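Visitor: I've just loaded this one and would like a quick tour. Start wherever you like.

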Amino acid sequence: MNFNQFNFHPALTEAIAKCGYTVPTAIQKQAMPHLLKGKDLLGLAQTGTGKTAAFVLPTLQNMQQGPRKKIRTLVLTPTRELAEQVHENIGQMAGTTKLKSCAIYGGVSKSGQIHTLRRGVEIVVACPGRLLDHINSRTIDLSTVEVLILDEADQMLDKGFLPDIRCILKHVPQKRQSMVFSATMPGEIRHLVENILTDHVTIQVDHEKPAQTISHVLFKVAQSRKTALLKNILEQKNMPTTLIFTRTKHKAKNLARQLQKSGFRATSLQGNMSQSQRKIAMSGFRSGKFNIMVATDIAARGIDVSGISHVVNYDIPDTVEAYTHRTGRTGRAEQTGEAFTFVTADDGRILQVVERRLGRKIRRETIADFDYGIDLPSSPSRRRKNTRTGGGYRRKAISAQKRKSNTRRQAASTAPRRSSASK
């Protein structure tokens with residue numbers, strides 16, 4: 001099976017060949033026939049399985065006929081990086097169709113975006129906040145929108161974008177084709193997404209589990225020993241392109257600096273950076289100037305760098321959905337990848353949830369002669385020894401304390417009491 005069966009416009013067929021697409025992925029194969037017919041669709045598939053092409057190609061095909069220099073398709077994304085990525089992909093797939101796209105997001109001047117909109121575009125890829133700014137300033141007209149697409153919808157709704165989306169929907173025609181794509185769709189927000197769709201088709205392609213092309217490895221380590229362990233692993237293993245995730249912006253920035261001081265080609269991507277700084281970091285990571293990027297979860301939805309060999313969860317995420325998105329940055333397009341996760345004594349609960357979703361225990365690994373800062377029994381005999389020395393000595397100490405306490409009470413009870421006269 002190849003893309004010829006979809007009978008795309010010759011300009012699109014040429015662009016597909018230039019992009020190197022040969023065989024449709026599962027989500028593309030199942031979603032495209034419905035989208036080409038103009039159906040609404042909820043598409044759930046793992047990260048890295050070709051969701052962007054699944055909605056872009058049918059949309060471009062359906063836009064071959066119709067007016068130009070009017071906004072006919074609106075794509076909403078949760079992050080600047082993802083908006084820029086989708087915008088670039090549209091440019092690649094549009095080929096010689098002469099359909100134009102623009103990206104609208106915060107962190108940059110509105111004037112450049114206004115100038116592009118006035119020149120006329122058919123497709124807008126936007127983050128909700130900045131799009132609302134344009135709507136309120138009357139610098140954008142969405143009354144001609146024919147197609148509405150929500151990409152990474154779970155994060156947009158889960159992170160509080162729902163009020164913004166509802167406001168945007170008031171400015172989009174009710175008669176339209178709507179699509180919602182995501183790698184995960186927690187049950188508590190599914191009904192919110194379905195309110196956007198009409199008589200829709202649902203496509204699910206193993207969306208709850210990370211891709212089978214990813215191998216998962218776990219390292220038990222004390223919090224204070226994580227950085228030393230990371231450096232050790234980076235030195236010992238062949239990790240040509242590595243994405244490292246931390247919980248906080250501050251930690252991402254500091255960890256990248258520590259790696260740089262140790263001689264690693266590292267950069268960071270986090271929320272406190274300006275848009276120009278983000279672009280420098282992303283372009284450097286894509287070009288190979290940096291082979292290590294330390295990021296917060298903001299990057300889990302926006303990084304599309306081909307050939308990421310490893311993902312490292314320096315801090316394990318708070319949800320299994322975040323784990324899926326993080327690890328999904330590797331093992332993309334049927335390539336293999338590895339995901340390393342550092343786990344402390346406080347991470348037991350989320351680890352159980354992740355392993356339940358994977359359907360198996362994550363493989364444990366250790367590095368010889370490395371001090372993890374915690375006891376890591378390597379054999380049954382060592383476990384017995386630790387139990388005997390640790391628990392045994394503690395029980396003896398407790399018994400000794402009880403004997404001393406009992407002796408004091410007995411001495412107090414037998415001691416002669418002074419009369420009230422002698423006080």
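**Around strand β12**

Guide: N313 stands opposite T341 in β13. This is a predicted model, with local features needing pLDDT of at least 70 and side-chain atom pairs pLDDT 80 or more, while totals for chains, interfaces and linings use all residues. Numbering starts from 1 along each chain as its sequence is written, and side-chain values use heavy atoms, leaving out hydrogens and water.

Visitor: How do you assign strands and pairs?

Guide: Strands (E, at least two residues) and helices (H or I, at least four) are DSSP runs, numbered from the N terminus. Two strands pair if DSSP finds at least two bridges between them.

Visitor: OK, which residue stands opposite N313 in β9?

Guide: That's F245. Strand β9 (residues 242–245) pairs with β12 in the parallel sense, over four bridges. β12 also pairs with β13 (residues 337–343), again parallel and over four bridges; there V312 stands opposite F340.

Visitor: And are the β12 faces covered or open?

Guide: Both are covered. H310 and V312 on one side, and V311 and N313 on the other, are all buried (under 20% relative accessible area, 1.4 Å probe, protein chains only).

Visitor: What's the strand order in the sheet?

Guide: β10-β11-β9-β12-β13-β8-β14, an open sheet of seven strands with parallel pairing. At the edges, β10 (266–269) and β14 (363–364) each pair on one side only.

Visitor: Which strands does helix α10 lie across?

Guide: α10 (residues 226–236) lies across β8, β9, β11, β12 and β13, running at about 155° to β13. Angles run from 0 to 180 degrees between N-to-C directions, and axes are lines fitted to C-alpha atoms, for helices over the stretch in contact. Contact means heavy atoms within 4.5 Å.

Visitor: Switching topic: how do α2 and α3 cross?

Guide: The axes of α2 (residues 26–36) and α3 (residues 51–62) come within 9 Å and cross at roughly 25°. That makes the two helices roughly parallel (under 35 degrees). The crossing is right-handed, meaning the near helix is turned clockwise from the far one by less than a right angle.

Visitor: Which residues make that contact?

Guide: Among them are I27, M32 and L35 of α2, and F55, L57 and P58 of α3.

Terms used. Buried means under 20% relative accessible area, exposed over 50%, partly exposed in between (1.4 Å probe, protein chains only). Angles under 35 degrees count as roughly parallel, over 145 as roughly antiparallel, 65 to 115 as roughly perpendicular and the rest as oblique.
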